[in-house]
Amino acid sequence: RAAELLEDGTVSRVVGWKAGDFVYDITPAVFDTKEELDEFVYNDFCAANLSKYMIKESRKEGKTLVFLKPCDTYSFNQLLCEHRIVRENVYIIGIPCYGKVDIDKIKSITSTGITGIKRDGFTYNISSAYGEFTATVADVISERCGACKSKKHVVYDELIGEEGDVV
C-alpha cells in the first residue's frame, strides 16, 4: 500500500521500520522511494512508536505516510493536542498489533548468541549458539503489551487488518 501511495503522489515519504543486522534488530526508518520500501518490515519486533518521528517529518513539504499501531495512535493524538504535529501533512495507516516481543526476555532464556527466532502459533523457536529453545508468546511479550487495554485505533486515514478488542 505504501508503494502505491508513493507512486501516485499521495505521499512524499513513508515512516516505518527496517531490519538491522539481526532478526530482532528492527529500527524506525524513512523511505523516500518505492525501491527503498523493499527494506520495510513489520513483525513482532516492531515495537518502536513512530508517532514521535512525525514531529519532524510533518514539517516537511508534502505528506508523510506513517504506520501506527493502536497504542501509537494515543500518543499521536497527544502530540496533535500539543500542536507538535501538522496533521494535514500526515497520512496514517492503522495496522493491527497482537503484542510485541521483548528481546531482553528472549535473551534471558537463551543467554546470548541468538542466531534465529521463528514464531509458530503461540510458540517461539529460538536458535542460539547455546542450543535450541522454545518460549510461549506470554513468556516473551513486552510488559506494556501484556497490559494493553484496546486494539482500537483512535486516529487513522486508512486501516489495514481488523479492529478488535483485546480478548
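Student: How many salt bridges are there in this structure?

Tutor: The count comes to eleven in this predicted model.

Student: What makes R119 and D44 a salt bridge?

Tutor: The cut-off is 4 Å between a side-chain nitrogen of Lys or Arg and a carboxyl oxygen of Asp or Glu. For R119 and D44 the N to O distance is 3.0 Å, so the pair is within 4 Å and gets the name. R119 sits in strand 5, while D44 belongs to the loop between strand 2 (26-31) and helix 2 (54-57), 75 residues apart.

Student: Why is R119 called partly exposed, and why is D44 called buried?

Tutor: Buried means under 20% relative accessible area, exposed means over 50%, and partly exposed is in between. R119 comes out at 36%, so partly exposed is the right label. D44 has 18%, which is under 20%, so D44 is buried.

Student: How do you know that E143 and K105 form a salt bridge?

Tutor: Same kind of check: their side chains meet at 2.7 Å, N to O, and the rule asks for within 4 Å, so they qualify. E143 lies in helix 6 (residues 143-146) and K105 in helix 4, so this pair ties together parts that are 38 residues apart in sequence.

Student: Is E143 buried or exposed?

Tutor: Exposed: its relative accessible area is 59%, and over 50% earns that word.

Student: What about D72 and K69, how far apart are their closest N and O atoms?

Tutor: They are 3.0 Å apart, and the two form a salt bridge. Both D72 and K69 are buried.

Student: Now the strands. Why do strand 6 and strand 7 count as paired?

Tutor: Pairing needs at least two bridges. Strand 6 (residues 123-128) and strand 7 have six bridges, in the antiparallel sense, so they count as a pair. In strand 7, G131 stands opposite S128.

Student: What makes strand 5 and strand 7 edge strands?

Tutor: The open sheet runs in the order 5-6-7 with antiparallel pairing. Strand 5 (114-120) and strand 7 (131-136) each pair on one side only. From one strand to the next, the twist averages 20 degrees.

Student: Which helix lies across these strands?

Tutor: Helix 4 (residues 103-110) lies across strand 5, strand 6 and strand 7, at about 110 degrees to strand 5.

Student: Why is N125 called partly exposed?

Tutor: N125, in strand 6, has a relative accessible area of 32%. That is in between 20% and 50%, so the label fits. Among the residues N125 touches are G116, I117 and F133.

Technical notes
Residues numbered from 1 in each chain as written. Predicted model: local features only at pLDDT ≥ 70, side-chain atom pairs only at ≥ 80, totals over all residues. Heavy atoms only, no water. Helix = DSSP H or I, 4+ residues; strand = E, 2+ residues; numbered from the N terminus. Axes fitted to C-alpha atoms, helices over the stretch in contact; angles between N-to-C directions. Contact = heavy atoms within 4.5 Å. Buried < 20%, exposed > 50% of the residue type's maximum accessible area, 1.4 Å probe, protein only. Lists of a residue's contacts leave out its neighbours within four places in sequence.
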